[in-house]
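Good morning, colleagues. Please have the sequence and the structure in view, and I will take you through them part by part.

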Amino acid sequence: MTMKESKNYKTLKAELDEALLWFEGDDLDVDKAITQYEHALKLTKELEEYLKKAENSIKKLQA
Amino acid sequence: MNPTFSVSDFVAVFNQTIAYAYPTVTITGELANFRVSKGKWVYFDLKDDQASVRFFGTVYMLPGPLEDGMMLQIEGIPRLHQTFGFSITAQTITPVGEGSMKKAAALLEAKLVKEGLFSEERKRPIPYPPSRIGLIASGESAAYADFMKIITSRWGGLEIIHVDSQVQGSAAPAQIVQALDLLNARGEGIEAIIITRGGGSADDLQAFNVESVVRAIAASRIPTLVAIGHEIDVSLAERAADRRASTPSNAAELLVPDREAMIVQNKTRLKGCLQTINYTLQALSKDIELQISQGLNSALDVIVQERHRLQQDILRLRGNDPRIILRKGYARIQDANKRTINSVGMVIPKDRIALRLSDGTIEAIVEKIIK
């Protein structure tokens, strides 16, 4: 797993958090809510995919 | 014949001989005459019932504050000094025996508490989950295996930089400090340093009560998590760390979420959003229903009002209906030309008139007019 992919998790998670946070606002616009929901659904699936596939990497150093 | 030496030669030969026979020695005994000179040099004796040996060292290799009477195990190099006589240059000093270890830990604890090394304000959060961590553990240990097993099953995408280090024995404190220095110097986005080992006797865990280790943990630029598999007597290293865990596995659990739980959590949150949309739609449809019902009510109100007005009109009209008046006993009088007679001046005697009542007409002749 590379650093880039690791950052990708954080980016995806941050995007998902933002997308979900939108639903906590007042005066929900229903049309936008559906677009936003679809966006959140896509991010959730991407994250699930990522989490299922991601592996840890180990680098050994000598003190 | 005995060998003959000058004093300097004797010192040189003695040192060579002893360096050959015993390059380093380990001696256990009771500390006596402990003193620190110029804040840097340390002089003391180790003694038992019958003998006493002089030692020399520096404050940097002390495990922490020491007091006369403590039992110590010292590794050092025996040496005959040209002017100061025989002493052993200490390389490592380790308190031994439960009483001495506790005493040493208590003395160090008091000193570090005073400096605020364990205070809560110093504790920093560890990113959750981190992307890259440093791991200080013995690669051969069960603690290492446990930590890796749990972290691998729970999470992915984590980069682990493992510094293989002894975590018990006389070499452990220096190696742990070196590993901490190494990881701090590398930086490279390391977000946490985990120091872990399994449980053991107080003697096995001694390295985690050594001043240099405790200070290195407290001074680490990168937040630290110390996990030692034991239940009682939290070590000073754990107290100096930003976070402590009860076992190596517990460290892995604290460090990263469980990926399956995370997937479920994301789905649950998403479901919550869907519910929010449903609630909003329901609220909107209720609003519309309310508006329609309010509209209908207004229309009904208008109809009721109109009906009421109509009834009023009908009643008023009914009040003016001549038939009602006629039914009360009044009559409408007309002459032969069907003119309504509303004055006595309109007729003269003998005129024929018709008296119209509600149920018929009486034809009559005017006999007399009275004014």
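Let me begin with chain B. DSSP elements in this chain come to 9 helices and 13 strands. Please keep in mind that we are looking at a predicted model. The average pLDDT of chain B is 91, and 99% of its residues score at least 70. Chain A averages 82, with 87% of its residues at 70 or above. For the model as a whole, the scores are ipTM 0.81 and pTM 0.68.

One stretch calls for caution. Over residues 1–7 of chain A, pLDDT stays under 50, and the model has 14 contacts beyond four places in sequence for that stretch. Where pLDDT is low, the predicted coordinates should not be read in detail.

Returning to chain B, it has 371 residues, of which 29% count as buried. Of its contacts with a separation of 6 or more, 62% are between residues 24 or more positions apart.

I turn now to the sheets of chain B. In what order do the strands of the closed barrel run? The order is β1-β2-β3-β5-β4, which makes 5 strands, and the pairing is mixed. Neighbouring strands in this barrel are turned against each other by 50 degrees on average, direction ignored. Within the barrel, β1(B), residues 25–37, pairs with β4(B), residues 71–81, in the antiparallel sense over 6 bridges. As a point of orientation, B:I27 of this chain stands opposite B:I74 in β4(B).

A second sheet in chain B is open. It holds 3 strands in the order β11-β12-β13, with antiparallel pairing. Why do β11(B), residues 332–334, and β13(B), residues 360–365, each have one side without a neighbour in the sheet? Both stand at the edges with a single partner strand each, so one side of each is left free of a neighbour. The average turn between neighbouring strands of this open sheet is 25 degrees, direction ignored.

Let us look at the pair β12(B) and β13(B). A hairpin through 2 residues joins them. Strand β12(B) covers residues 352–357 and is linked to β13(B) by 6 bridges, the two running antiparallel. Among the bridge partners, B:R356 is matched with B:T361, and B:I353 is matched with B:A364. Is β13(B) buried or in the open? Of its 6 residues, the number buried is 0, so β13(B) lies largely in the open.

Next, a helix of chain B. α4(B) has 15 residues and reaches 21 Å from its first C-alpha to its last, close to the 21 Å expected at 1.5 Å a residue. Its buried residues are B:A172, B:P173, B:Q175, B:I176, B:V177, B:A179, B:L180 and B:L183. The cover over these buried residues includes β6 (132–137), β7, β8 (192–197) and α5 (211–219) of chain B. After α4(B) comes B:G187, with a positive phi near 60 degrees.

Chain A offers a helix of its own to consider. Helix α2(A), residues 30–53, has 24 residues and spans 34 Å from first to last C-alpha, close to the 34 Å expected at 1.5 Å a residue. Which residues of α2(A) are buried? They are A:A40, A:L43, A:T44, A:L47 and A:L51. An α-helix has 3.6 residues a turn, so residues three or four places apart point the same way.

Finally, I come to the place where the two chains meet. Chain B brings 32 residues to the contact, and chain A brings 31 residues. On the side of chain B that touches chain A, at least two residues each come from α3 (142–154), β7 (159–164), α4 (172–186) and α8 (259–319). Of the elements there, α8(B) gives the most, with 14 residues. By type, that side of chain B divides into 16 nonpolar, 11 polar and 5 charged residues.

Strand pairing also crosses from chain to chain. Strand β1(A), residues 57–62, is joined to β7(B) by 6 bridges, and the two strands run parallel. Here A:K59 stands opposite B:I161 in β7(B). Strand β7(B) therefore deserves a second look, as β7(B) is also among the elements that cover the buried residues of α4(B).

Technical notes. Residues numbered from 1 in each chain as written. Chains lettered and ligands numbered in written order. Predicted model: local features only at pLDDT ≥ 70, side-chain atom pairs only at ≥ 80, totals over all residues. Pairing = 2+ DSSP bridges. Helix = DSSP H or I, 4+ residues; strand = E, 2+ residues; numbered from the N terminus. Axes fitted to C-alpha atoms, helices over the stretch in contact; angles between N-to-C directions. Buried ≥ 20, exposed ≤ 12 C-beta atoms within 10 Å, placed from the backbone. Contact = placed C-beta atoms within 7 Å. Nonpolar A, V, L, I, M, F, W, Y, C, P; charged D, E, K, R; others polar. Expected span 1.5 Å × (residues − 1). pLDDT = per-residue confidence, 0-100.
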